[in-house]
Amino acid sequence: MLRTTGSQVCQKALFHSSAVDFAAARSLTKSLKPTTKTGQYAVASKPSFSRDDAPHRGLKPKALESRSRTPRLSQIDFPQRERPKQFGSAESSRRPTTTTTTSTRPVEQPSVDEHLKSSDEFFRPAQSVSVAADTKGKSKALPVDSTLPTQFTSPTLLPGFVQSLKETLGQNVRPTPIQSLAIQWLLANPPDTPGWKQFLLAAETGSGKSIAYLLPMLQAIKEAEVAEKDVLDGERPSTHSNRLHNPRGLILAPTHELARQLSGFAKDLLHQTKLRVMCASQANVKSTQKVKDKTSRKMAGMFDEGAQGEGEFQVSKGGHSVDLLVGTPMKVLEMVRGRGWDRVHSKEDNDGNEVVLEKEEEETRRSRRGRDFEAGWATKWSTPELGLKNIEWVVVDEADVLFDPDFQETTRLLLADISAARGHPVPVISASELEAQQSGTSDVSTPTPIEYPFNLVLTSATIPNSLNQYLENYHPSLVRLASPQLHHLPKTLQTEYVAWTGGNKFADILRRVNKIWAEDSAASKASTGKEGKLSKVLIFCNKSNKVVELCSYLEEQGIKSVAMTSKSEHRGRGSNRHLTGFLRQHQASQAGRTIISDVKTDPHVMVTTSLLSRGLDFTPDIKHVFIVDEPRNMVDFLHRAGRSGRAGQRGKVVIFGKLKGRGSERGRDVRRRVGALV
């Protein structure tokens with residue numbers, strides 16, 4: 001079994017980018033059914049969870065039906081067209097105009113679904129609940145459980161969590177399909193197999209996967225804390241570690257922005273049930289706000305504002321211990337091993353002998369990341385501060401990213417470190433060995449399953465074939481929980497196709513943005529008699545230089561916009577304030593804020609790459625997502641489009657492309673592939 005050294009991990013790409021298309025690794029798995037006896041598989045029944053709006057709206061079924069039949073302004077202004085040959089047929093005598101067509105749920109796709117069902121790209125569950133395949137290779141069906149929870153109640157949940165959910169999402173909040181499955185399998189009715197459990201939560205974007213794993217994990221951590229306090233007569237148990245932080249739970253995310261938002265979600269659930277959450281991606285600076293004599297609601301709002309501005313409260317050795325840590329794999333490894341752990345500490349001389357570097361020579365080594373030398377940050381070398389012995393829950397959010405070639409070695413190395421700290425070492429399989437297994441050239445005929453000494457939860461909106469094969473080989477006992485809409489666009493998300501006019505593409509984009517705001521203004525005047533708040537637009541490009549160019553063009557046209565790439569100068573380090581106004585805010589942080597709808601002074605357009613397409617919960621004000629470059633694969637498209645139409649809110653994804661004449665075949669192919677996701 002090959003092992004991976006720290007220097008080898010250092011040489012791998014540390015940040016995920018969708019600029020690389022890994023072909024089969026990027027194609028979605030056709031089925032999540034496990035092929036072993038130990039694996040299990042469950043899908044929420046579709047009829048039980050059909051809904052057309054947010055779970056906390058509190059509308060009656062009749063109101064929902066009448067609402068679904070009411071034509072919306074966007075549906076009236078953009079007539080539906082059934083044939084691609086009609087695209088681009090309408091032209092203005094004064095200036096070129098974009099030709100659009102809007103696709104809604106009632107409109108059937110012309111044999112698109114049939115065209116793609118036979119491909120290997122999409123997973124379509126054949127039955128609601130099943131377990132691993134038997135010796136004959138046939139999946140064993142289980143009876144559909146009609147008793148899945150339809151309310152957040154206590155019991156099963158602790159009363160504090162139920163109260164926090166109602167405060168955050170509304171009094172009539174109801175669980176989504178994936179949340180119901182998580183409550184049943186992770187809390188109410190866990191598997192009968194002994195030992196630590198492994199789960200996969202697979203559901204469409206905006207379905208509430210974060211709450212689905214946060215509730216069981218936080219409740220388990222709290223119950224374990226209470227049980228140990230009872231044994232020790234109310235005193236907090238000793239961690240038996242000289243490390244500063246010794247959490248019980250760990251959440252891994254691919255980006256710092258997502259890690260910060262996930263920590264905010266966890267804090268929202270802990271207003272009543274007290275646990276301490278720490279985000280490794282926050283700026284570790286002293287808070288300038290005074291917290292004395294503040295209510296819990298006001299303090300929650302201050303913590304949220306700190307996530308957008310001042311950062312995490314200063315952590316000292318005399319403070320309270322951390323219960324849950326959220327961060328990226330590389331940042332967490334830095335806390336475990338100390339900054340600079342992945343640098344080479346030796347070199348080879350002319351004879352090939354290993355020579356340890358002198359201290360002065362170490363200081364002149366090339367940095368792994370530029371921020372090692374920037375002012376205001378820690379020194380290049382730091383001592384470890386995170387202990388792993390107490391970790392009982394590990395969540396890998398956006399698992400298809402953290403187990404792809406950009407992150408996989410770092411992620412698996414961290415999981416192996418946790419296992420070793422808990423007294424159960426596991427091997428670290430090299431990337432070359434995994435690649436050989438996927439290609440069928442490996443010398444290992446039967447991979448040895450990995451059993452981690454903690455509860456492992458993986459979650460994602462897309463399950464590529466590479467991830468599915470990895471789970472089949474090394475986690476055969478993993479329980480797969482899937483929503484009925486997996487690998488499909490949300491029901492409330494419309495698709496619209498816009499043809500380039502053949503002139504300035506940036507002008508075409510600007511024209512469509514202005515049309516959106518004209519519709520918003522007309523709708524507001526029709527309902528209230530005055531102009532109201534304008535919606536915001538999120539634009540995705542494939543390349544960073546195009547992001548900057550498009551944003552500059554919009555600024556020249558008098559539209560204040562934000563360009564977000566991995567190298568953006570205003571990308572806030574240690575906080576998400578560079579996303580202020582675009583991320584969803586909870587009720588406490590929104591109170592007293594003035595709504596500004598001046599597109600010349602307040603940013604209403606954000607242009608970015610796939611950097612912000614993973615997991616982030618954007619504000620409902622973003623009702624349109626623009627795809628201005630042809631998606632490299634449907635995995636990227638699903639995540640980009642899924643930034644709108646979240647949690648039952650209405651949204652629209654606008655896809656630009658050449659739909660007529662020479663070179664239009666690619667655009668028509670994109671439309672066929674997107675049609676299968678509707």
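Start by selecting His487, a buried residue with a relative accessible area of 1%. The model you have open is a predicted one, so treat each stop as a feature of that prediction. His487 sits in the loop between strand S13 (479-482) and S14. Look at its backbone too: phi is near 65 degrees, a positive value in a residue other than glycine.

**A second positive phi**

Now select Ala647, in the loop between H19 and S19. Ala647 is not a glycine either, yet its phi is positive, at about 55 degrees. Is Ala647 buried or partly exposed? Ala647 is partly exposed, with a relative accessible area of 24%; the cut-off for buried is under 20%.

**Helix H19**

From that loop, go to helix H19 and select residues 634-641. How many residues of H19 are buried? The count is 8 of the 8, so H19 is largely enclosed by the rest of the structure. Colour them as you go: Met634, Val635, Asp636, Phe637, Leu638, His639, Arg640 and Ala641. To see what covers these buried residues, show helix H12 (399-402), strand S14 (493-499), strand S15 (536-540), strand S18 (622-627), S19 and H20, which are among the covering elements. Then add Asn633, which caps the N-terminal end of H19. A side-chain oxygen of Asn633 lies 3.3 Å from the backbone nitrogen of Val635.

**Ser664, ahead of H20**

Two of those covering elements lead to the next stop. Select Ser664, in the loop between strand S19 (651-657) and helix H20 (665-675). Ser664 is buried, with a relative accessible area of 1%. Show its side chain together with that of Arg668, and you will find a polar contact of 2.5 Å joining the two. Leaving out residues up to four places away in sequence, Ser664 touches Lys658 and Leu659.

**Two helix pairs**

Next, display helix H16 (residues 505-528) with helix H17 (residues 544-556). Their axes are 10 Å apart and the helices pack at an angle of about 60 degrees, which makes H16 oblique to H17. The crossing of this pair is right-handed. Which residues meet here? From H16 come Phe506, Ala507, Ile509 and Leu510, and from H17 come Lys546, Glu549, Leu550, Tyr553 and Leu554. By class, this contact has 7 nonpolar, no polar and 2 charged residues.

For another pair, select helix H14 (residues 431-439) and helix H15 (residues 465-474). The axes of H14 and H15 come within 11 Å and cross at roughly 100 degrees, so the two helices are roughly perpendicular to each other. Leu434, Gln437 and Gln438 in H14 meet Ser466, Gln469, Tyr470, Asn473 and Tyr474 in H15. By class, the contact of H14 with H15 has 3 nonpolar, 5 polar and no charged residues.

**Ile211 in H7**

Move to helix H7 (residues 209-231) and select Ile211. This residue is buried, with a relative accessible area of 16%. Setting aside neighbours within four places in sequence, Ile211 is in contact with Leu165, Leu169, Gln179 and Pro216. Add Leu269, 58 residues apart from Ile211 along the chain: the C-alpha atoms of the two are separated by 8.8 Å.

**Cis peptide bonds**

For the last stop, select Pro155, in the loop between strand S4 (139-141) and helix H5 (159-169). The peptide bond from Ser154 to Pro155 is cis, with omega near -15 degrees. Pro155 and Thr156 are also joined by a cis peptide bond, where omega is about 25 degrees. Thr156 has its place in the loop between S4 and H5.

Notes:
Residues numbered from 1 in each chain as written. Predicted model: local features only at pLDDT ≥ 70, side-chain atom pairs only at ≥ 80, totals over all residues. Heavy atoms only, no water. Axes fitted to C-alpha atoms, helices over the stretch in contact; angles between N-to-C directions. Helix = DSSP H or I, 4+ residues; strand = E, 2+ residues; numbered from the N terminus. Parallel < 35°, antiparallel > 145°, perpendicular 65-115°, else oblique. Left-handed = near helix turned anticlockwise from the far one by under 90°. Contact = heavy atoms within 4.5 Å. Nonpolar A, V, L, I, M, F, W, Y, C, P; charged D, E, K, R; others polar. Buried < 20%, exposed > 50% of the residue type's maximum accessible area, 1.4 Å probe, protein only. Polar contact = N/O pair within 3.5 Å; in protein donor to acceptor, adjacent residues only side chain to side chain.
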